[in-house]
Amino acid sequence: MKCSKTVLAITLPMLASSVLAAPTEIKVWRHQTGDAEMQASAAMVDRFNQSQDKWKVVVESIPEGAYNESVTAAAMAGQLPCAMTIDQPTVPNFAWSGFIRPLDELMDKADYNTVLEGGKGIFKGRLYSLGQFDVSLVLFSRYSTLKANGIRIPTVDKPWNEKEFEQALSTLKASGDFAYPLDLNAAWGGEWPSYGWAPFLQSFGGDLIDRESYVYADGVLNGDASVAFAEWFKNLVDNNYIDKKPANDKGFVSGRVAMHYTGSWSAESYAEAFGDDLAILPPPDLGNGPVIGGGSWQWSVTKACPHPQGAADFITFLMQPKEIATFVDATSLVPTKPEAAALSKQYRGGGQWNMFYVFSSLYAKTRPATPGYPIISNSFDKAMRDIIDGKDPLDALDMAVDNIEQNIESNRGYGFEL
């Protein structure tokens, strides 16, 4: 009996403390976006917190315009949260700087092995971030416009080739019905050329940098295929196929432009304007298959996190197909897992926006996975602006190559061997 009492005296307090223990807090930062996305994100966090009693995620949202500066300042001060959202192209820089840790050492591969390319942040073969969603670049037009001008409707199985695309633009220009046959968002600077126009470069067979070494751009960004792309782009301007300085991006919806190359974010407003006449078309195949930009905001775990497994458990939860499907149906963003697309009302086969998932799964190419990406993006932006303004394409690309390689050399290869 004495022995039993002793056991009870030890066991009961231990049980009581276990029951009463509060869940461990996991501090999370995310960028502020539109109401629908913020509400869907908050609901997702609530579901995670209610699904288990070990961790409690507490979210702080930061205005998107100040987000990167806030993260950088916190990183330098050693005050990063446990988990945070990061724009996918910047992931390699955060990894190289030592601010985030690999997810593949914290998560089961089964939870991310089917994620599309645009849903992963990779640096030197390691997984550092995962995203529930992406967006898709497409050509928007109207069936009535294409049929009236005898232009074939392109499909996933048979997109326009370079010659057909050129003929379509020429025909639409000659019709006299439009100020310009195409809008490529030429007024947008910053990240847009690398995200929106580099896919055309890649469809020609060129690229922004050699993706084997990540230290050479010479012979790639200024190689024959890239120069052919730049000359093709310059011809779009010279032939008045695009407005090189459009006042806004309303040309298509106002009827001034026949086709708009832009993101799936415009789909709902265009569907409202044109109904069943809205044609959502794949990008053209300019020689090496259609290509679109990939990679949006994703989740990462910081090295400052005292409870990395808790942060990883949160990311594992939100990467469940059901969670992704719920999130994308509420936000009209594109799912990054086939299992999630199949569960989604909008993106499953036959769903209203299924083609965006199809394009993302078939055509998406992420931006170069190097910490030096910011100089690549800035240099390509400058080159494209110069080409639009009449500079010789090869000269513009040569200058970009010099800027990129000088920066990489001055940073000792950003972790890659020079």
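Helices (H or I, at least four residues) and strands (E, at least two) are DSSP runs, numbered from the N terminus. The views below show a predicted model, in which local features need pLDDT of at least 70, side-chain atom pairs count only at pLDDT 80 or more, and totals for chains, interfaces and linings use all residues. Residues are numbered from 1 along each chain as its sequence is written, and side-chain values use heavy atoms, with hydrogens and water left out.

**View 1. A salt bridge within helix 8 joins Lys234 and Asp238.** The N to O distance between the two side chains is 2.9 Å; a salt bridge here is a side-chain nitrogen of Lys or Arg within 4 Å of a carboxyl oxygen of Asp or Glu. Lys234 and Asp238 are four residues apart in helix 8, so about one helical turn separates them. Asp238 counts as partly exposed because its relative accessibility is 45% (buried means under 20% relative accessible area, exposed over 50%, partly exposed in between, with a 1.4 Å probe and protein chains only).

**View 2. Further salt bridges include Arg30 with Glu37 and Asp249 with Lys250.** The closest N and O atoms of Arg30 and Glu37 are 3.2 Å apart. Arg30 is buried, at 4% relative accessible area, and Glu37 also counts as buried, at 13%. Between Asp249 and Lys250 the closest N and O atoms are 3.9 Å apart. Asp249 is partly exposed at 26%, and Lys250 is partly exposed at 49%. Asp104, Glu105 and Arg126 are joined into one network by salt bridges that share partners. The whole structure holds 12 salt bridges.

**View 3. Aromatic pairs involve residues of helix 8.** A pair of aromatic rings is described by the distance of the centres and the angle of the planes. Rings of Phe, Tyr and Trp (its six-membered ring) pair if their centres lie within 6.5 Å; planes under 30 degrees apart count as stacked, over 60 as edge-to-face and the rest as tilted. The count by this rule is 29 aromatic pairs. One of them, Trp197 with Phe233, is tilted, at 4.8 Å centre to centre and 55 degrees between the planes. This pair links helix 7 (residues 192–204), which holds Trp197, to helix 8 (residues 224–238), which holds Phe233, across 36 residues. Trp197 counts as buried because its relative accessibility is 0%, and Phe233 is likewise buried at 0%. Phe229 and Phe380 form a stacked pair, 6.5 Å centre to centre with 25 degrees between the planes. Phe229 lies in helix 8 and Phe380 in helix 15 (residues 373–388), 151 residues apart. Both Phe229 and Phe380 are buried.

**View 4. Phe233 sits in the largest nonpolar core.** This core has 127 residues, and those with the most contacts inside it are Trp197, Leu221, Phe229 and Phe233. A nonpolar core is a set of buried Ala, Val, Leu, Ile, Met, Phe, Trp, Tyr and Cys residues joined through side-chain atoms within 4.5 Å. Leaving aside neighbours within four places in sequence, Phe233 is in contact (heavy atoms within 4.5 Å) with Leu184, Trp197, Ile242, Met384 and Ile388.

**View 5. Helix 10 (residues 267–274) has the buried residues Ala267, Tyr270 and Phe274.** Seen down the axis of helix 10, these residues fall within an arc of 70 degrees, so they line one face of the helix. The arc is that of the directions from the helix axis to the C-beta atoms. What covers them includes strand 8 (137–142), helix 9 (251–254) and helix 14 (354–363). Gly275, with a positive phi near 55 degrees, follows helix 10.
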